[in-house]
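Here is a short tour for anyone who likes to look at geometry before setting up a calculation. Keep the viewer open and follow along.

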Amino acid sequence: MAGTDSSQNIKFENPCIILNETQLPENVGMVMRAMLNFGFKNLRLVNPKLNWPDKKMISSSAGAYDIIGKNVRIFNSLEESIEDIKYLCATSVRKRDLDSFVGVPRDTIKKISKNASNSNAIGFLFGPEKAGLKNSDLALANMVINIPTNKAFGSLNLAMSVNIICYEWYIKN
């Protein structure tokens, strides 16, 4: 794999990535690949609309499944998946009218990394591929991260969104 130095150990980050009602196995695989690139290993799937594990998911993970797969937890409800989360950041490409703090990835991650005392209790929530998170899902969050995109075409792939958040966490210091 290009850019991989297998003599190096991976320093893992503690926040978890939560995928709510994800539909495509390839996206889960690419999410794992994005996570591993930036040292994330904790993946939670909420009510996934796919089989676990899936050949397409494993293939699209480019080997990340071998490392992250054993850390994946599957939940039946979003509420159950966030019981131990003290600081939940939901993501949305669309602007919403909610009471939660809304910020861009870099500013929000700097803020939560300074204010959250335990990164084990931080979760980043992502919605289904078709339409993203519902307002009721976003209302559970402490903060909403709005990923700015071109106003004429705001359609990020799930793995792209996870990649942006993991990257910003990785470079926060």
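## A loop between two helices

Ala 62 is found in the loop between helix 2 and helix 3. Its backbone is worth a look, since Ala 62 has a positive phi of about 55° although it is not a glycine. With a relative accessibility of 29%, Ala 62 counts as partly exposed. Please keep in mind that this is a predicted model.

## The overall fold

Stepping back, the protein has seven helices and seven strands. Along the sequence they follow the pattern β-α-β-α-α-β-α-β-β-α-β-α-β-α.

The protein has 173 residues, of which 45% count as buried. Taking contacts between residues at least 6 apart in sequence, 85% join residues at least 24 apart.

## Backbone details after strand 2

Most residues other than glycine have a negative phi, and most peptide bonds are trans. The loop between strand 2 and helix 2 is home to Asn 47, a residue with a positive phi of about 45° although it is not a glycine. Asn 47 is partly exposed, at a relative accessible area of 29%.

Pro 53 also sits in the loop between strand 2 and helix 2 (55-60). Here the peptide bond that joins Trp 52 and Pro 53 is cis, with omega at about -20°.

## Asn 71 and its partners

Asn 71 belongs to the loop between helix 3 (64-68) and strand 3 (73-75). Is Asn 71 buried or partly exposed? At 24% relative accessibility, Asn 71 counts as partly exposed, because the buried class ends at 20%.

Leaving aside neighbours within four places in sequence, Asn 71 is in contact with Lys 41, Asn 42 and Leu 43. The C-alpha atoms of Asn 71 and Asn 42 are separated by 5.7 Å, although these residues are 29 apart along the chain.

## Helix 1 against helix 7

Two packed helices are described by the angle between their axes and the distance between the axes. For helix 1 and helix 7, the angle is about 15° and the axes are 8 Å apart. That makes helix 1 roughly parallel to helix 7, and the crossing of the two is right-handed.

Which residues make the contact? Helix 1 brings Asn 27, Met 30, Val 31, Ala 34 and Met 35, while helix 7 brings Leu 158, Ala 159, Val 162, Asn 163 and Cys 166. Sorted by class, this contact of helix 1 with helix 7 has eight nonpolar, two polar and no charged residues.

Helix 7 also holds Glu 168, which counts as buried at 11% relative accessibility. Apart from neighbours within four places in sequence, Glu 168 is in contact with Pro 105, Arg 106 and Ile 109.

## Aromatic pairs

How many aromatic pairs does a search of the whole structure find? The search finds four. One of the pairs is formed by Phe 38 and Tyr 167, which meet edge-to-face at 5.7 Å centre to centre, with 75° between the planes. This pair links distant parts of the chain, 129 residues apart: Phe 38 is in the loop between helix 1 (25-37) and strand 2 (40-46), and Tyr 167 is in helix 7 (residues 158-170).

The two partners can also be described by accessibility. Phe 38 is buried, with a relative accessible area of 14%, whereas Tyr 167 is partly exposed, at 35%. Ring pairs link Phe 38, Tyr 167 and Tyr 170 into a cluster.

Conventions: Residues numbered from 1 in each chain as written. Predicted model: local features only at pLDDT ≥ 70, side-chain atom pairs only at ≥ 80, totals over all residues. Heavy atoms only, no water. Phe/Tyr/Trp six-rings, centres within 6.5 Å; stacked < 30°, edge-to-face > 60°. Helix = DSSP H or I, 4+ residues; strand = E, 2+ residues; numbered from the N terminus. Buried < 20%, exposed > 50% of the residue type's maximum accessible area, 1.4 Å probe, protein only. Axes fitted to C-alpha atoms, helices over the stretch in contact; angles between N-to-C directions. Parallel < 35°, antiparallel > 145°, perpendicular 65-115°, else oblique. Left-handed = near helix turned anticlockwise from the far one by under 90°. Contact = heavy atoms within 4.5 Å. Nonpolar A, V, L, I, M, F, W, Y, C, P; charged D, E, K, R; others polar.
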